[in-house]
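Open the model in your viewer and keep the sequence panel beside it. Each stop below tells you what to select and what is there.

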Amino acid sequence: MPTEAAALHREPPEPFRLGRWTLALILLIGGAVYVDCLGYQFVWDDLIILKYQVFRDPRELPRLLTQDFLDLTGGDLDVRYYRPVLALSLAADAMLWGMHPGWFRLTNLLLPLLATALVWAVARL
């Protein structure tokens, strides 16, 4: 028969572990929800932005890092927001894949899945 002191002293539960199957399930669900978008065409602002050579010429890299979208599109996109990572992503897709929307969409699907995997890896530390 256990003593009262032994009954009060319990081993702490093991910490919750995120197994590899957890990551696979999260990535599978995340990918499955958005995989249909790979067949979609460009939308209005994509066409406005990507018609400019600045997004297809590697020599224009400094402009992508220093100018906002109003300047990059010659005023066609009437917003003044500075998003160099977005500009670099659009330029990389345009230079690698040409003007094929499926590849742009694949990038937009894979980047959040990569971020999810990184959060999962940090949570396992």
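## Stop 1: Aspartate 68

Select aspartate 68, which sits in the loop between α4 and α5. One caution before you zoom in: this is a predicted model.

Is aspartate 68 buried or exposed? Its relative accessible area is 10%. The cut-off for buried is under 20%, so aspartate 68 counts as buried.

Now add tyrosine 81 to the selection. Aspartate 68 and tyrosine 81 are 13 residues apart in sequence. In space, their C-alpha atoms are 5.3 Å apart.

## Stop 2: Arginine 80 and its partners

Keep aspartate 68 selected and show side chains. Which side chain does aspartate 68 meet in a salt bridge at 2.6 Å, N to O? The partner is arginine 80. This pair links distant parts of the chain, 12 residues apart. Arginine 80 lies in the loop between α5 (69-72) and α6, and aspartate 68 in the loop between α4 (61-66) and α5.

Color the two by accessibility. Arginine 80 has a relative accessible area of 56%, so it is exposed. Aspartate 68, at 10%, counts as buried. The bridge therefore joins an exposed arginine 80 to a buried aspartate 68.

Stay on arginine 80 and select aspartate 71. These two also form a salt bridge, with the closest N and O atoms 3.7 Å apart. Aspartate 71 is partly exposed, at 37% relative accessible area.

Show the three residues together. Asp68, Asp71 and Arg80 are linked in a network of salt bridges. The general rule is simple: side chains of opposite charge can pair when their charged atoms come close.

## Stop 3: Arginine 63 and glutamate 60

How many salt bridges does the structure hold? The count is six. Pick another one of them: arginine 63 with glutamate 60. Their closest N and O atoms are 3.5 Å apart.

Check the accessibility of each partner. Arginine 63 has a relative accessible area of 29% and is partly exposed. Glutamate 60 is partly exposed too, with 22%.

## Stop 4: Leucine 65

Select leucine 65, in helix α4. At 36% relative accessibility, leucine 65 counts as partly exposed.

Next, pick alanine 87 and draw a distance between the C-alpha atoms. Leucine 65 and alanine 87 are separated by 7.8 Å, C-alpha to C-alpha. Along the chain they are 22 residues apart.

## Stop 5: Helices α6 and α7

Select residues 84-97 for helix α6, then residues 101-123 for helix α7. Their axes come within 9 Å. They cross at roughly 135°. How are α6 and α7 oriented to each other? Roughly antiparallel would need an angle over 145 degrees, so α6 and α7 count as oblique. Their crossing is right-handed.

## Stop 6: Helices α2 and α7

Keep α7 and swap α6 for helix α2, residues 20-34. The axes of α2 and α7 come within 10 Å and cross at roughly 160°. That angle makes α2 and α7 roughly antiparallel to each other. This crossing is right-handed as well.

While α7 is shown, select leucine 106, which lies in this helix. Leucine 106 is partly exposed, at 26% relative accessibility. Now add cysteine 37. The two are 69 residues apart along the chain. Their C-alpha atoms are separated by 8.4 Å.

## Stop 7: A nonpolar patch

Turn on the surface. Which residues make a nonpolar surface patch of about 580 Å²? Select Trp21, Leu25, Ile29, Val33 and Tyr34.

Click on tyrosine 34, which belongs to helix α2. Is tyrosine 34 buried or exposed? The cut-off for exposed is over 50%. Tyrosine 34 has 52% relative accessibility, so it counts as exposed.

## Stop 8: Zoom out

Hide the side chains and show the cartoon. The secondary structure comes to seven helices and zero strands. Along the sequence, the pattern reads α-α-α-α-α-α-α.

Finish by coloring the whole chain by accessibility. The protein has 125 residues, and 26% of them count as buried. Aspartate 68, where the tour began, is one of the buried residues.

Note on methods:
Residues numbered from 1 in each chain as written. Predicted model: local features only at pLDDT ≥ 70, side-chain atom pairs only at ≥ 80, totals over all residues. Heavy atoms only, no water. Patch = residues over 30% accessible without salt bridge, like charges linked within 9 Å, V, L, I, M, F, W, Y side chains within 5 Å. Areas by Shrake-Rupley, 256 points an atom, 1.4 Å probe, with all protein chains shown as cover. Salt bridge = Lys/Arg side-chain N within 4 Å of Asp/Glu carboxyl O. Helix = DSSP H or I, 4+ residues; strand = E, 2+ residues; numbered from the N terminus. Buried < 20%, exposed > 50% of the residue type's maximum accessible area, 1.4 Å probe, protein only. Axes fitted to C-alpha atoms, helices over the stretch in contact; angles between N-to-C directions. Parallel < 35°, antiparallel > 145°, perpendicular 65-115°, else oblique. Left-handed = near helix turned anticlockwise from the far one by under 90°.
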